[in-house]
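Let's walk through this one together, a region at a time. Keep the viewer open and follow along as we go.

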Amino acid sequence: MSGKVFIPQPVDREGERYLEERGYQIVRGCGKTDKESLKKDIAECDAMLLRTLRIDREVLSAAKRLKVVARHGAGYDNLDWQAAKEMGIQATYSPDTTALSVAEFTISSILTLAKMTETFQKELRRGNFDYKFTHKGMDVAGKTFGIVGFGRIGRLAAKKAAAGLDMKIAAYIPRPEGKDIPDYVRVTDWETLFRESDFISVHVPGGGKNHHLIGEREFSCMKETAYMVNVSRGGVMDENAFADAVRKGKIAGGAIDVFGTEPPEADCPLFGLDHVILTPHIGSNTAECMARIGLDTAKDIHLVLSGEKPRHPIEGKK
């Protein structure tokens, strides 16, 4: 085979090696990620392996030979896949590779919040060893873990929390009829989940109807001792409403891995909040997961450029 694959941001060598072994040329581009640079870099390429850059109709229109854009990950809200479809460009994603890593990250976030390890280590570094005498963490056994979005990641997180941590699991599932729901999961309505949960984790796609899905109304229902964990997409949660709820003591805090604007601006309302853990969108950022995604996306690129159907086409459903 031959062809050029545009990879503007670093991916695991596993994926690149797979493509190189099949005769494809890797194109890095000029290194700039502004729209005009992307249009020039993609012009003569047959495929693109896309990470976090936003690719819209204008960029796609500049591609003269593009046959496939493979989204590196389970989300694809940064790709105008509908425009790609109209142009005859196949769009793919990698839905099965990130669930384990993000589920583990969710559990680690819950434990970090519960045990206050971030706060304690900061105080220790300030010389405040006795901080522990006036502040205490909590055990998670017996606490309620509420899950919004019971797909691959939500299911895995629920399983790990129930089996490994003895947590009670509540889930909001809009249409539970006929679905395989484990017996340790209690299906609740929207308000009940926010009212009764001690930890709430979000695992839904970004964009569209999910924009600001969780906001002031939801935070007002939560316990003052409850925590919010968002490892899905930044726009799913109203950051200003969350920041306001934390400052006013309406909720205890949270762990936020995704932002409405990435990277977040210097005036991001989440900066400076106490009892809030902020990480730079690293839920799936493990060596093993990056290798899985890189190889998975490379395989779909090869299938499309070989004239075959991809395993994971983007069809607007998850």
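Is R13 buried, partly exposed or exposed? R13 counts as partly exposed, because its relative accessibility is 38% (buried means under 20% relative accessible area, exposed over 50%, and partly exposed in between, with a 1.4 Å probe and protein chains only). A word on the ground rules: this is a predicted model, where local features need pLDDT of at least 70 and side-chain atom pairs count only at pLDDT 80 or more, while totals for chains, interfaces and linings use all residues. Residues are numbered from 1 along each chain as its sequence is written, and side-chain values use heavy atoms, with hydrogens and water left out.

Back to R13. Its side chain meets that of E20 in a salt bridge, 3.0 Å from N to O; the term stands for a side-chain nitrogen of Lys or Arg within 4 Å of a carboxyl oxygen of Asp or Glu. E20 is partly exposed too, at a relative accessible area of 36%. The structure holds 25 salt bridges, so let's look at a few others.

E16 and R28 pair up with N and O 2.5 Å apart. E16 sits in helix α1 (residues 13-21) and R28 in the loop between β2 (25-27) and α2 (35-42), so this salt bridge ties together parts that are twelve residues apart in sequence. (Helices, H or I with at least four residues, and strands, E with at least two, are DSSP runs numbered from the N terminus.) The two partners sit in unlike surroundings: E16 is buried, with a relative accessible area of 3%, whereas R28 is partly exposed at 43%.

Now over to α2. K39 forms a salt bridge with E36, and the closest N and O atoms are 3.3 Å apart. Because K39 and E36 are three residues apart in helix α2, about one helical turn separates them. In general, an α-helix has 3.6 residues a turn, so residues three or four places apart point the same way. The pair also belongs to a network of salt bridges that links K35, E36, K39, D56 and E58.

Return to α1 and look at its partner, helix α11 (residues 287-305). The two pack at an angle of about 25°, with axes 6 Å apart (axes are lines fitted to C-alpha atoms, for helices over the stretch in contact, and angles run from 0 to 180 degrees between N-to-C directions). α1 and α11 are therefore roughly parallel to each other; angles under 35 degrees count that way, over 145 as roughly antiparallel, 65 to 115 as roughly perpendicular and the rest as oblique. On the α1 side, the contact is made by E14, G15, Y18 and L19, and on the α11 side the residues include A291, G294 and L295. Contact here means heavy atoms within 4.5 Å.

Next comes helix α10 (residues 239-247), where E239, A241, F242, A243, A245 and V246 are buried. What covers these residues includes α9 (216-221), β10 (227-230), β11 (253-256) and β12 (276-278). Just after the helix comes G249, with a positive phi near 75°.

One last stop is G149, in the loop between β6 (144-148) and α7 (152-165). G149 is buried, with a relative accessible area of 13%. Leaving aside residues up to four places away in sequence, G149 touches G154, Y172, H203 and V204. G149 and V204 are 55 residues apart in sequence, yet 5.0 Å apart in space, C-alpha to C-alpha.
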